[in-house]
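Work through the exercises below with the sequence and the model side by side. Try each task before reading its solution.

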Amino acid sequence: MANLSEPVPVSLFYDDGRTHEYDPVDLQFQVDRHAGIAVMTWDREDTLNALSLNIVQETLFVLEQVKHDPALKVLVWTAKGRAFCSGAAVKGPGKRDKKPARIPKDLMREYAARNMVTVFPQDIAQKSLVMACWRFPKVLIGAINGLAVGGGANIVLCNLMDFVLCADDAKFKYPFADIGITPELSSSFILPRQIGFARAKSLLFTGRWYTAAEALADGVVTSCHAKAELHDATMKLAAQCVKNYSAVSAAKRLVNGHEIERVSRVLDTENTVIHQAIRAPGSQFGKLIARL
């Protein structure tokens, strides 16, 4: 079993090899380089780990660090509290114990050139995050501790993760129609291919809850576990992936490579349609964005 460190800063990388240490405020980052495993834990229970600009940006920072670290082969992605992610942070960032540290502008320009910076409201579909996950060369395992809504559900169900292990009480929901927004994070393309068009439309158009048991039966998640057993099951799988890393990482490149450019185009289309939708009269999401 991995012997994870206490939470550590995330290293940000200049193109010339220099690094800048960043202390995340919305997530925790732990590593066991001997075992080859890192764990990213979203840590905003007060917002149910909502998709704020900062939590997405810190996630991109973690993905970039793990990609650069040759000792790390697997990244586990989980969250604290009763929710994995409550979707867009339409109520703002909530109250933090401290504010995010300033990052040198020249470094952020380099991350932007790598498409590793979240841009709002231009990229409501979260193209930067989705493509970073699809292109992530290491193994990405989700340990889904609770409910996931909207974009959070898409992170779980739409192939951003290579394996998805769920607590047996996890559940998923798409409130898009109720708030006047259209599908994002590639769900308009990936979800119908995961579970079929009729079932995907049922979830995307009605906003009903979709249980972990249903997702397992549909083949969208890898396994379900009692919440007390989720961590151990995840770390056991992570160790197996480290052992077989060469073959697993090569297979990932092959499997994702067939659709990666198409997913990129889908996200561009989703952003276009989302912006049309939020400008429509009565769009609740459009009104919420206007207040941010």
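**Exercise 1. Into which classes do the residues of the lining of the second largest pocket divide, and how many fall in each?**

Solution. Start with the classes. Ala, Val, Leu, Ile, Met, Phe, Trp, Tyr, Cys and Pro count as nonpolar, Asp, Glu, Lys and Arg as charged, and the others, Gly among them, as polar. The lining then divides into 14 nonpolar, five polar and four charged residues.

Next, fix what a pocket is. On a 1 Å grid over the protein atoms alone, a pocket is an open set of points where a 1.4 Å probe fits, with protein on both sides within 12 Å along at least five of seven lines; lining residues have an atom within 4 Å of a point. The second largest pocket holds about 480 Å³ of space, where a volume is the space filled by probe spheres set on the grid points, joined across faces, edges and corners. Of its 23 lining residues, Asn159, Met161, Asp162, Val255 and Asn256 are the closest to the centre.

Now assign the lining to elements. Helices (H or I, at least four residues) and strands (E, at least two) are DSSP runs, numbered from the N terminus. Helix H4 (151-157), strand E9 (163-167), helix H6 (187-195) and helix H10 (245-257) each supply at least two lining residues. H10 gives the largest share, five residues.

Note the ground rules. This is a predicted model: local features need pLDDT of at least 70, side-chain atom pairs count only at pLDDT 80 or more, and totals for chains, interfaces and linings use all residues. Residues are numbered from 1 along each chain as its sequence is written, and side-chain values use heavy atoms, with hydrogens and water left out.

**Exercise 2. Which residues of helix H2 (residues 105-113) are buried, and which exposed residues sit on the face turned away from them?**

Solution. Set the cut-offs: buried means under 20% relative accessible area, exposed over 50%, partly exposed in between (1.4 Å probe, protein chains only). The buried residues of H2 are Leu107, Glu110 and Tyr111. They cover an arc of only 100° around the axis, so they lie on the same side of H2. That arc is taken from the directions from the helix axis to the C-beta atoms.

Turn to the opposite face. Lys105, Arg109 and Ala113 are exposed there.

Then ask what covers the buried side. The cover includes strand E1 (10-13), strand E2 (19-22) and helix H1 (53-68). Contact means heavy atoms within 4.5 Å.

Finish past the helix end. Just after H2, asparagine 115 takes a positive phi of about 60°. Proline 121 lies in the loop between H2 and helix H3 (127-135). A cis peptide bond joins phenylalanine 120 to proline 121, with omega about 10°.

**Exercise 3. In which sense, parallel or antiparallel, does E4 pair with E5 and with E3?**

Solution. Two strands pair if DSSP finds at least two bridges between them. Strand E4 (residues 37-42) and E5 pair in the parallel sense over six bridges. E3 and E4 pair in the antiparallel sense, also over six bridges.

Use valine 39 as the anchor. In E5 it stands opposite valine 76. Valine 39 is also the bridge partner of glutamine 30.

Check burial. In strand E5 (residues 74-79), six of six residues are buried. Val74, Val76 and Thr78 are on one side, and Leu75, Trp77 and Ala79 on the other. In a regular strand the side chains alternate between the two faces of the sheet. In strand E3 (residues 27-32), five of the six residues are buried, so the rest of the structure largely encloses it.

Look at the turn. The hairpin of E3 and E4 has four residues between the strands, and glycine 36 takes a positive phi near 80°.

**Exercise 4. Which strands stand at the edges of the open sheet of four strands?**

Solution. Read the order: E6-E8-E10-E11, with mixed pairing. Strand E6 (83-85) and strand E11 (210-211) stand at the edges; each has a single partner strand, so one side of each lacks a neighbour in the sheet.

Inspect one edge. Two bridges join strand E10 (residues 171-173) to E11, and the two run antiparallel. Lysine 171 has threonine 211 as its bridge partner in E11.

**Exercise 5. Is serine 186 buried or exposed?**

Solution. Locate serine 186 in the loop between helix H5 (176-179) and H6. Its relative accessible area is 0%, so serine 186 is buried. Serine 186 has a positive phi of about 75° although it is not a glycine.
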